[in-house]
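Me: I would like to go through this model with you and ask, for each label that is put on it, what the label rests on.

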Amino acid sequence: MCGIIGYTGKKQVKPIIIDALTTLEYRGYDSAGMAVCNAKEKRTDVYKCAGRVRDLSKKCEFKDINSTCGIGHTRWATHGGVCDANAHPHTSGSVTVVHNGIIENYKDLVEEFDLSGSLRSETDTEVAAAILNHYYQKTKDPKKAVKSAVKRLKGTFALVILFADIPDVIYSIRNVSPIVATLSDEGAMLASDLTALCQFTDRYFVVPEYTIVELRKDAVSMWSLEDNEIIPEYLTMNWEKNSAEKNGYPFYMEKEIMEQPKAIRDTVFGRTKGGIPNFKADGVPDELFTQCERICVVACGTAMHAGLVFQALVKNRLHMHIDVELASEFMYSDPVIDDKTLVIAVSQSGETIDTLEALKYARRKGAKSLAIINVRGSSIARESDYVMYTNAGPEIAVASTKAYTTQLTLFYLIVCKMAYLRGVMNDDEVRDCIRSLKRVPEVINNLLDERNAIHVIARGIINAKDLFMIGRGLDYSILMEGSLKLKEVSYIHSEAYASGELKHGPIALITENTPVVALVTQERIMSKELSNIREVKSRGAAIALFIKADLIQQSTREFDTFVLPNLPDELMVFPASVALQLLAYYVSSDKGFDVDKPRNLAKVVTVE
Ligand code: F6R
């Protein structure tokens with residue numbers, strides 16, 4: 001969703017803003033804009049348009065922009081259509097604003113402040129700019145204006161503000177929507193997202209909620225709404241410097257699929273001792289896993305699918321009660337949560353508002369919480385009692401790949417740890433599992449070497465309108481993610497079905513040549529799965545079978561097959577998921593789509 005950048009320092013600001021907005025493109029957007037300080041004339045100049053960052057860049061190509069302070073924005077329309085006028089920044093009097101989030105009471109404010117005749121856009125943001133300007137004209141004090149204005153705003157917001165008569169200074173305040181900032185020798189910067197800062201620095205701090213931050217060329221200051229000074233708490237990024245670049249790959253999605261062996265290795269690293277999972281470095285106490293009576297995972301999309309795999313493992317290994325809830329439904333489904341519940345919130349970005357709200361709700365009900373997060377210092381990480389970070393590095397492609405497999409990695413470690421602590425598995429059994437987990441990167445590498453065979457299968461489904469993915473047990477959970485991947489990047493309508501369910505309805509949709517992807521990795525249910533596959537084959541379906549090497553038999557040779565390298569059944573989720581990611585990737589890239597930025601989707605979903 002929307003992206004924000006702000007810079008004030010020694011360098012020319014235009015290329016910094018354009019570069020940062022280009023980096024932020026992955027979040028999903030439909031318009032771009034920037035505002036720069038004209039210090040000499042005490043003016044703020046705004047350039048904006050519907051379209052891509054390159055359109056914005058063209059628009060200001062021949063403008064004589066000589067400024068070292070400015071703010072930029074990529075907009076993902078919520079209030080008002082996609083047009084130049086609705087793009088950010090928005091100006092009202094001396095105030096120019098970019099904004100992420102939603103001002104819920106903007107209509108009331110339009111009436112109360114009698115703004116309807118003066119607004120030039122349909123956005124809630126312009127209303128926020130007008131309110132800020134109202135208080136600024138009254139007080140001529142930026143801090144007082146920000147303070148008074150935010151007290152009137154309801155909703156989520158990250159506001160970044162320029163005052164025309166205060167050149168080269170940027171103000172910001174936020175509620176829920178994130179802002180990270182930094183100060184270096186080159187100047188001060190802020191952004192909605194770490195990926196925009198990681199080219200410049202590996203040190204940053206998260207701006208606390210309802211805190212006024214002031215960026216000057218050589219200083220950053222913060223105050224609470226009660227005017228107490230707040231000292232930034234700097235964090236260190238563990239992302240490598242060029243890790244947010246494509247490094248020769250045509251798309252981030254391919255790069256990120258290929259990075260999975262390393263990401264998984266990095267996620268396991270430092271989390272075992274003597275072959276037993278050890279979460280000391282994460283600061284997660286054993287009691288978190290021994291004192292709970294049930295587990296509840298809250299997450300969205302791919303992260304929720306990782307939770308489904310965890311659920312299967314928990315039931316199988318721990319025989320414990322576990323629910324996996326769509327975070328967006330959680331609060332409205334009267335969940336059974338109490339102080340004996342361990343709530344696990346899973347999120348790549350750590351900013352998904354539904355997951356954040358679900359976590360807050362569970363905590364209010366007394367649950368203990370653990371967050372599995374990729375972005376350090378993100379909102380969900382800060383809201384949770386404990387955090388375990390996936391070490392996937394920046395994930396830029398909208399379709400999640402390495403975040404998912406690193407979430408699975410942490411889940412697998414957690415299951416082993418819980419089984420060990422609860423006496424369900426002995427030392428040797430746990431060590432055996434961890435040894436197998438440590439083989440996963442090498443096994444994925446072997447699969448990646450064979451990826452051309454998946455490309456061939458992808459060519460066979462490229463023209464499909466509808467496709468089914470069928471499997472049972474863990475295979476079904478894996479396919480739910482595989483199906484989501486295909487949908488989002490290839491725009492093929494794809495449904496994952498528990499294959500035993502087919503005869504209860506969906507098999508009516510199988511006709512001559514309907515493509516069906518079948519997954520067989522679990523020995524104990526394999527014969528039933530194969531019967532289900534034959535049922536659809538006998539109705540004309542074109543089967544692409546992904547099967548674990550050890551499970552191949554004479555009778556499976558009748559299908560078009562991709563052989564998945566062997567691991568213990570419960571770890572087959574890794575090679576199987578990577579194979580399905582590649583399938584989706586090849587279909588999308590062969591269709592000529594913008595794989596990394598599928599239509600209508602945003603990387604970070606900060607609206608409910
Ligand atoms: C799909 C995808 C989404 C995210 C979901 C949650 O490829 O990426 O389904 O998994 O929007 O995002 P996070 O993990 O950032 O909470």
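Reply: Domain bounds here come from an automatic or database domain assignment, and the model itself is predicted. That assignment gives domain 1 (3-236), domain 2 (252-443) and domain 3 (452-590), and the C-alpha centres of domain 1 and domain 3 lie 47 Å apart.

Me: What makes S349 a polar contact of the ligand?

Reply: A polar contact is a pair of N or O atoms within 3.5 Å. An N or O atom in the side chain of S349 is 2.6 Å from an oxygen atom of the ligand, so the pair meets that cut-off. By the same test K485 qualifies, because an N or O atom of its side chain is 2.8 Å from a ligand oxygen, and S400 qualifies through a polar backbone atom at 2.9 Å from a ligand oxygen. Of the 400 Å² of accessible area that the ligand has on its own, the protein covers 88%.

Me: How do you know that the ligand sits in the largest pocket?

Reply: A molecule is said to sit in a pocket if more than half of its atoms lie within 2 Å of the pocket's grid points, and the ligand is assigned to the largest pocket on that basis. Two elements, α10 (301-318) and α17 (474-490), give two or more residues to the shell around the ligand, with the largest share, three residues, coming from α10.

Me: Which residues come nearest to the ligand, and how many in the shell count as charged?

Reply: Of the 13 residues around the ligand, S347, Q348, S349, T352 and E488 come nearest. By class, the shell has two charged residues, alongside four nonpolar and seven polar ones.

Notes
Residues numbered from 1 in each chain as written. Predicted model: local features only at pLDDT ≥ 70, side-chain atom pairs only at ≥ 80, totals over all residues. Heavy atoms only, no water. Near = heavy atom within 4 Å. Polar contact = N/O pair within 3.5 Å; in protein donor to acceptor, adjacent residues only side chain to side chain. Areas by Shrake-Rupley, 256 points an atom, 1.4 Å probe, with all protein chains shown as cover. 1 Å grid on protein atoms, 1.4 Å probe; cavity = no way out; pocket = protein on both sides within 12 Å on 5 of 7 lines; lining within 4 Å. Helix = DSSP H or I, 4+ residues; strand = E, 2+ residues; numbered from the N terminus. Nonpolar A, V, L, I, M, F, W, Y, C, P; charged D, E, K, R; others polar.
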